[in-house]
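Okay, thanks for coming, everyone. Let me put the model up on the screen, and then we'll walk through it together.

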Amino acid sequence: MPASKLKFDCRRIDAGRPPCDTPRGPQSRLRAPLRKEDTSHRLPAPFSKLSREVTGQRRIRLFLDSNVLTGGIVSPWGLDKATLSLCAAKVCRLVLADVVRDEVEENLLLHAERLPALDADQLIEDYRHLIKLTNPEIIPYPDKDLVRLNRHLIRHAADLPVLLSAMASTPDWLLTHNTKHFTHAVAQRTSLRIARPAEFFRALSALFR
């Protein structure tokens, strides 16, 4: 069965735990690129200059929830993949929280288990290539005390580390498909611009009119 027709689970894992410093087992194949690649926040000057020429302004910083990031990697086409393409082309800047990264890698491993070996290897290689192209801005896990003190910000506890990571990074947009949890009230409470990818692209198109 083609990989594009296989369903995948987008799970919110135990987001309160920090990532292991030394990944073991099959997950290390996914996590290795983030440990090895240079994830500094500053890009080489030619890329920064080119992105300003394309957009006419500084790059839009996009904080992606795991459902958007996973969907963009696995799906053959769609707005999730288009969002990643903007980041890979240095038109937008990918803001990647450690908690989101761990969720994405967990989801990709679940998906890879259902694929033939060659397709699973290609999925992992695509993920590595994406990280290399986007050179994401990495946001660390929020402090446990901060999570405890801000429990009131969002209804579902598993979403709180993601929300706090977004608040710490102050992105231009937080893109998610989970607007049942990341509601308008949450956006007002946190001063974050939360939207689905479709809403982001409608707003982006207005910049070129």
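Let's start with a quick one: which residue in E3 stands opposite alanine 97? It's isoleucine 139. Keep in mind, please, that this is a predicted model.

So, the sheet. It's an open one with five strands, in the order E3-E2-E1-E4-E5, and the pairing is parallel. At the edges you've got strand E3, residues 137-139, and strand E5, residues 194-195, and each of those pairs on one side only.

Now look at E2, residues 92-97. Three bridges join strand E2 to E3, and the two run parallel. Toward E1, residues 60-64, there are four bridges, again parallel. If you want a spot to click on there, isoleucine 60 has cysteine 92 in E2 as its bridge partner.

Is E2 buried or exposed? Buried: six of its six residues are, so the strand is largely enclosed by the rest of the structure. And both faces are covered, with Cys92, Leu94 and Leu96 on one side, and Arg93, Val95 and Ala97 on the other. Yes, there's an arginine in that buried list.

That brings me to the core. As a rule, in soluble globular proteins, nonpolar side chains tend to be buried together. Here the largest nonpolar core has 48 residues, and the ones touching the most other members are Leu62, Leu69, Ile73, Val100 and Phe200. Take valine 100: leaving out neighbours within four places in sequence, it's in contact with Phe63, Leu64, Asp65, Ser66, Leu69 and Val162.

While we're in this area, a polar one. Asparagine 67 sits in helix H3, residues 66-74. It counts as buried because its relative accessibility is 17%, and the cut-off for buried is under 20%. Its side chain makes a polar contact with the side chain of threonine 176, at 3.5 Å.

On to the charges. How many salt bridges does a search of the whole structure find? Six. I'll show you three of them.

The one I'd look at first is arginine 58 with aspartate 172, at 2.8 Å, N to O. Arginine 58 is in the loop between helix H2 and E1, and aspartate 172 is in the loop between helix H8 and strand E4, so the pair ties together parts that are 114 residues apart in sequence. Arginine 58 counts as exposed, at 51% relative accessibility, while aspartate 172 is partly exposed, at 23%.

Next, aspartate 98 and arginine 101, at 3.4 Å, N to O. Both lie in helix H5, residues 98-112, three residues apart, about one turn of the helix. Both are buried, too. And there's a network here: Asp98, Arg101 and Asp102 are linked by salt bridges.

Last of the three is glutamate 125 with arginine 128, at 3.8 Å, N to O. They're three residues apart in helix H6, residues 117-134, which means about one helical turn between them. Glutamate 125 is partly exposed, with a relative accessible area of 40%, and arginine 128 is partly exposed at 30%.

Finally, a word on confidence. The chain averages a pLDDT of 82, and 73% of the residues score at least 70. Over residues 1-11 the pLDDT is below 50, and that stretch has 24 contacts in the model beyond near neighbours in sequence. Residues 33-55 are also below 50, with 41 such contacts.

That's my tour. Over to you.

Terms used: Residues numbered from 1 in each chain as written. Predicted model: local features only at pLDDT ≥ 70, side-chain atom pairs only at ≥ 80, totals over all residues. Heavy atoms only, no water. Buried < 20%, exposed > 50% of the residue type's maximum accessible area, 1.4 Å probe, protein only. Polar contact = N/O pair within 3.5 Å; in protein donor to acceptor, adjacent residues only side chain to side chain. Pairing = 2+ DSSP bridges. pLDDT = per-residue confidence, 0-100. Contact = heavy atoms within 4.5 Å. Core = buried A, V, L, I, M, F, W, Y, C linked by side-chain atoms within 4.5 Å. Salt bridge = Lys/Arg side-chain N within 4 Å of Asp/Glu carboxyl O.
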